Amino acid sequence: MGFRSPLRGPWFTSVLGAVLLVGLPIVIVTGLLSYIAYGPQFGQAMPGDVGWLRLPQFDWPTDPVWLYRLTQGLHVGLGLVLVPIVLAKLWSVIPKLFTTPPVRSIAQALERLSLLALVGGILFEIVTGVLNIQYDYIFGFSFYTAHYWGAWIFIAGFVSHAILKTPLMIRTLRGRSLMQTLRDGQEHGDSDLIAADPSEPTISRRGALALVGGGAAFVAVLTVGQTTGGFLRNAAILLPRGRSYGDGPNDFQVNRTAAAARIPEDHAGWTLTLTGGTSPVTFTREALLTMPQHTARLPIACVEGWSTVQTWTGVRLRDLAAAAGTPEPGSAQVTSLEKDGPFRQAMLQSNQVLHPDSLLALRVNGVDLSPDHGYPARIIVPAMPGVHNTKWVETIEFRTVS
């Protein structure tokens, strides 16, 4: 095939590769941390059975309170920012996919296998990841399961390709000065990437790098506001699932509405049931409001990448544990009024229950929770994934062992 662009060459590919060598490990690590934050030790992370790819299991920290907001914001935000660089890198190496003969040595065979896992894995992760933050569960399969296994295929390809190609990348970048390479119209040397009969350039190498960098910066503007807030939040159109809002003091993101969860509008007979002690304990909402109230300004962060910080008021979970007769619980299972949602139950670790800012929230920003934000009561725990901050709480079972 006639690949005649004078921009292609080892140096251009190596520059893009160096950026990805720094950025992609951050995306990988934060993604795996998100899986751990979901609590695989409680069977609530997806997929549940990962065989020998089981990750280290530990109690997810509750401090700093913005931990999950940071890790998941980096995972989704940086992942989107790197998309233009990934596409440019794939464009830069297309000629290698059509070299003949396709395999010349064992080393090249290994390289091509790593490329298959790398390219296939990263394209699958990008496409499914972007669709997941744009639309509400459109897949005919579990996104979480597919994204997890796809990630490991990509990781295998990325690690093996990095081992094979990093020495060459370093030699290429050290071999010529940056300014000299940017001034030259075409790279020269023995490489499958360099066109034998190049066409006339339509853009300089400096311009090409600026175009790719500008594309990444533009994606950042369309993404970062969902984590940082401020005036950029309205520009964050790449994360629309976090753009459904409430009213007044409840005017912040709603990921699942009360109507979608089929929560009844009439809560006149609602009670909270606490178990774990010698006998169940029941509270009405009015009784909960007479208990000592605690207010904390805490973030809530979603796996899709958006997050927000609000001021929550309610009863400390550790006070409810004491009221249930289990002042030192090993864990707690929270169950929602929602009957068939994928996250109608959540298991909390001991440190999450006992943190001084962990709440059964009754109010937000000085007013009652709206139905979409969990009225009559919801869980708010520092640094925990948003879906485990269960809304429309019906029961809490405090357990003495985790």
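Which residue in strand 9 is the bridge partner of L360? Keep that in mind as we set off.

**Before you start**

You are looking at a predicted model, in which local features need pLDDT of at least 70 and side-chain atom pairs count only at pLDDT 80 or more, while totals for chains, interfaces and linings use all residues. Residues are numbered from 1 along each chain as its sequence is written, and side-chain values use heavy atoms, with hydrogens and water left out.

**Stop 1: strand 7**

Select residues 359–364, which make up strand 7. Strands here are DSSP runs of E with at least two residues, and helices are runs of H or I with at least four, both numbered from the N terminus. Five of the six residues in strand 7 are buried, meaning under 20% relative accessible area with a 1.4 Å probe and protein chains only.

**Stop 2: the neighbours of strand 7**

Two strands count as paired if DSSP finds at least two bridges between them. Now add residues 378–380: this is strand 9, antiparallel to strand 7 and joined to it by three bridges. Here is the partner of L360: I379.

Next, show residues 307–316. This is strand 4, which pairs with strand 7 in the antiparallel sense over five bridges. Look for T313, which stands opposite R363 of strand 7.

Then select residues 367–368, or strand 8, which has two bridges to strand 7, again antiparallel. V364 has V367 as its bridge partner there. Strands 7 and 8 form a hairpin with two residues between them, and N365 in the turn has a positive phi of about 55°.

**Stop 3: the annotated spans**

An unreviewed UniProt entry lists residues 12–38, 74–94, 115–135 and 147–164 as "transmembrane region"; such annotations may be inferred rather than shown by experiment, and the positions follow the numbering used here, with feature names shortened. Select 74–94: the span is 86% helix and 0% strand, with its end C-alpha atoms 29 Å apart. For 115–135, the figures are 95% helix, 0% strand and 30 Å.

**Stop 4: the largest cavity**

Where should you look for the centre of the largest cavity? Select G31, H75, E125, F143 and H147, which lie nearest to it among 34 lining residues. A cavity is a set of points on a 1 Å grid over the protein atoms alone where a 1.4 Å probe fits but cannot get out; lining residues have an atom within 4 Å of a point.

Finally, colour helix 1 (10–37), helix 2 (67–81), helix 3 (83–92), helix 4 (106–134) and helix 5 (143–175): each supplies at least two residues of this lining.

Technical notes:
Buried means under 20% relative accessible area, exposed over 50%, partly exposed in between (1.4 Å probe, protein chains only). On a 1 Å grid over the protein atoms alone, a cavity is a set of points where a 1.4 Å probe fits but cannot get out, and a pocket is an open set with protein on both sides within 12 Å along at least five of seven lines; lining residues have an atom within 4 Å of a point.
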